[in-house]
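Thanks for coming. I will put the model on the screen and then go through the sheets, the helices against them, and a few single residues.

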Amino acid sequence: MEKNIKKLLEIKEKEMIKSFQKNNMTLMFVENRNELISYLKNIFINQKTVALGGSVTLNQLGVIDLLRNSDVKFIDRYEENITKEELKERFRAAFSADLFLTSTNALTIDGCLYNIDGTGNRVAPMIYGPDEVIVIAGLNKIFESEEEAISHIRHVSAPANAIRLNKNTPCAIAGKCSDCLSHDRICSSYVKLSHQSQINRIKIIIVEENLGY
């Protein structure tokens, strides 16, 4: 990273750490995926139960493979050949996990997380259930305002995920949200996580790369 851009990022990092701390969430930055994996290896231990939300970011970073090879009880939503009923049970089991691991659609420098879900199986455990939540995201998920964050989700995150999941929605064709009533719609639950009552239950880790949508 160019030195002046790095300096600018360091200034924003300090501001964001204070903002999330004010909202009772912990925020940290790591330079790259290798540093992230080293950090997570010290967490994925002692047979703790770990669940995760669907995430392109976690796939890109190799976190899912790491979980499968760690000393944890991994509730693996991506296991091959599981039935719809088995998948539903794994979604429900996430509420009693020791740790829930996910990414986020967007976050703002004032200390808030923004997500849109279809069924809610990702955002629900972020809100309630697991003792600990770790949110991992790239620099491209950081926005100055709520308006920018929501616009990104509606016109980038949702259409890209609709295409990835082979959904028959207008956004998968037009590349932007039209607030449709499609049966395949994947953006039904809009969730903003701001000030938390449980101090430091949610930890956010920003990898200094562009990741996911």
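In what sense do β4 and β7 pair, and over how many bridges? They pair in the parallel sense, over four bridges. Before going further: this is a predicted model.

One of the bridge partnerships there joins Thr-102 to Val-135 in β7. Thr-102 belongs to β4, a strand covering residues 99-102. Leu-99 and Leu-101 point one way from β4, Phe-100 and Thr-102 point the other way, and all are buried. β4 also pairs with β2, again in the parallel sense, with three bridges. Phe-100 in β4 stands opposite Ala-51.

Now the sheet as a whole. This is an open sheet of six strands, in the order β1-β10-β7-β4-β2-β3, with parallel pairing. Its edge strands are β1, residues 26-30, and β3, residues 72-74, and each of these pairs on one side only. From one strand to the next the twist averages 25°.

Take the β1 end. Strand β10, residues 202-207, pairs with β1 over five bridges, in the parallel sense. Within that pair, Leu-27 stands opposite Ile-204 in β10. Helix α1 packs on this sheet and touches β1 and β10, with its direction at about 155° to that of β1. Helix α2 packs on the sheet too, touching β1, β7 (132-138) and β10, and its direction makes about 150° with that of β10.

Staying in strand β1, look at Thr-26. Which residues does Thr-26 contact, leaving aside its neighbours within four places in sequence? They are Asn-200, Ile-202, Lys-203 and Ile-204. Thr-26 and Lys-203 are 177 residues apart along the chain, yet their C-alpha atoms are separated by 4.6 Å. Thr-26 has a relative accessible area of 25%, so this residue is classed as partly exposed.

On to the second sheet. Four strands form an open sheet in the order β8-β5-β6-β9, and here the pairing is mixed. The edges are β8, residues 142-143, and β9, residues 189-193, each pairing on one side only. Strand β6, residues 112-117, runs antiparallel to β9, and five bridges join them. One of the residues involved is Leu-113, whose bridge partner in β9 is Leu-193. Helix α7, residues 146-164, packs on this sheet and touches β5, β6, β8 and β9. The direction of α7 makes about 25° with that of β6.

Helix α1 comes back at this point. Residues 3-22 make up α1, which lies across β5 (106-108), β6 and β8 and runs at about 95° to β5. As I said for the six-stranded sheet, α1 also touches β1 and β10 there.

Next, the cysteines. How many disulfides does a search of the whole structure find? Zero. For reference, a disulfide is a covalent bond between the sulfur atoms of two cysteines. Why does Cys-171 have no such bond? The closest cysteine sulfur to that of Cys-171 is in Cys-180, at 6.4 Å, and that is too far for a bond. The cut-off used for a disulfide is 2.5 Å between the sulfur atoms. Cys-171 has 11% relative accessibility and therefore counts as buried. Cys-112 is at 5% relative accessibility, so Cys-112 counts as buried too.

Two backbone points. Which loop holds Gln-47? Gln-47 is in the loop between α2, residues 33-41, and β2, residues 48-52. Gln-47 is not a glycine, but its phi is positive, at about 60°. With 39% relative accessibility, Gln-47 counts as partly exposed. Asn-166 also has a positive phi, near 60°, and is likewise a residue other than glycine. Asn-166 lies in the loop between α7 and α8 (170-174). Is Asn-166 buried or exposed? Exposed, at 69% relative accessibility.

Last, the rings. The structure holds zero aromatic pairs. There is, however, a charge over a ring: the charged end of Arg-77 sits over the ring of Tyr-78, 5.4 Å from the ring centre.

That is what I had on this model.

Conventions
Residues are numbered from 1 along each chain as its sequence is written. This is a predicted model: local features need pLDDT of at least 70, side-chain atom pairs count only at pLDDT 80 or more; totals for chains, interfaces and linings use all residues. Side-chain values use heavy atoms; hydrogens and water are left out. Rings of Phe, Tyr and Trp (its six-membered ring) pair if their centres lie within 6.5 Å; planes under 30 degrees apart count as stacked, over 60 as edge-to-face and the rest as tilted. A charge sits over a ring if NZ of Lys or CZ of Arg is within 6 Å of the ring centre and within 35 degrees of the ring normal. Two strands pair if DSSP finds at least two bridges between them. Contact means heavy atoms within 4.5 Å. Axes are lines fitted to C-alpha atoms, for helices over the stretch in contact, and angles run from 0 to 180 degrees between N-to-C directions. Buried means under 20% relative accessible area, exposed over 50%, partly exposed in between (1.4 Å probe, protein chains only).
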